[in-house]
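Student: I am new to this structure and should be grateful for a close look at a single part of it. Please set that part within the whole before turning to its details.

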Amino acid sequence: MLVFKGNTEELKKIGEEVQKGKIVAFPTDTVYGSGASTEHIDSVRRVFEVKDRPLDSAIIILIDEIGSMERLAFVDNPKVYDLAKEFWPGALTLILPKKDIVDPVISAGGSSVGIRIPDNDIARELIKYSGGALATPSANKNGQLSPTRAEHVISQFSHGEIDYLVDGGKTKKSIESTILDMTCNPPKILRNGGVSKEEIERIIGEVDEL
């Protein structure tokens with residue numbers, strides 16, 4: 001993989017290549033992610049392959065701005081905007097009813113999709129230059145610890161498995177995002193992470209947990 005530090009010119013170049021089908025590992029606010037354009041499903045499949053991740057395990061989409069969420073998902077619940085205003089950019093993934101533009105490979109055949117805006121300048125700039133949305137699981141082999149530094153990514157992947165790596169140093173949180181399912185009532189926390197149940201309930205009221 002080619003390693004870059006992530007200045008604007010480099011991110012523009014990488015984004016152009018991602019839009020052509022390349023895959024990239026990059027820092028977010030939580031852990032390093034491995035991203036592919038949502039419009040290149042062969043590239044998304046390649047992310048599953050290099051991670052040894054089963055295709056029946058859905059992956060989330062990272063976006064650069066709220067408008068991209070509305071392009072990918074139906075947003076009928078006003079509480080979604082309340083949460084986005086409070087926690088985005090940040091470590092909260094919202095599960096929403098997906099639109100047809102989201103390929104079933106990303107959603108593992110389901111009718112919903114996880115979306116968030118990461119609190120990391122490099123990530124958001126890269127996503128913007130990559131078309132505004134990247135299908136992005138963590139940049140680790142299945143069953144291995146999620147990476148919080150570029151060297152963790154390098155140690156897990158062989159030459160050629162990932163095309164580009166943006167080295168943004170250590171991630172802020174070293175913990176994955178909280179996943180909140182907004183397709184049910186009350187909303188349900190599917191994974192605890194960077195945003196607590198108490199913080200969520202302060203904004204939208206009662207939520208369930210698995």
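Tutor: The model is a predicted one, and its protein chain has eight helices and eleven strands. The C-alpha trace spans about 45 × 35 × 30 Å along its principal axes. A compact globule of 210 residues would have a radius of gyration near 17 Å, and because the protein chain has 16 Å, the two agree. Of the 210 residues, 51% are buried. Among contacts between residues at least 6 apart in sequence, 65% join residues at least 24 apart.

The part chosen for the close look is helix α4, which comprises residues 78-87. Which of its residues are buried? They are Val-80, Leu-83, Ala-84 and Phe-87. These four cover an arc of only 100 degrees around the axis, and they therefore lie on the same side of α4. The face turned away from that buried side carries Pro-78 and Lys-85, both of which are exposed. "Buried" here stands for under 20% relative accessible area, and "exposed" for over 50%.

What, then, covers the buried residues of α4? The cover includes two helices, α3 (66-72) and α8 (197-204), together with two strands, β5 (92-97) and β9 (178-181).

To return to the whole, the protein chain exposes about 9400 Å², of which carbon and sulfur atoms supply 46%. The protein chain also holds 26 positive and 33 negative charges, and the mean positions of these two groups are 2 Å apart.

Definitions and conventions
Residues numbered from 1 in each chain as written. Predicted model: local features only at pLDDT ≥ 70, side-chain atom pairs only at ≥ 80, totals over all residues. Heavy atoms only, no water. Rg over C-alpha atoms; globule rule 2.2 N^0.38 Å. Buried < 20%, exposed > 50% of the residue type's maximum accessible area, 1.4 Å probe, protein only. Contact = heavy atoms within 4.5 Å. Areas by Shrake-Rupley, 256 points an atom, 1.4 Å probe, with all protein chains shown as cover. Lys, Arg positive; Asp, Glu negative; His and termini not counted. Charge placed at Lys NZ, Arg CZ, Asp CG, Glu CD. Arc of directions from axis to C-beta.
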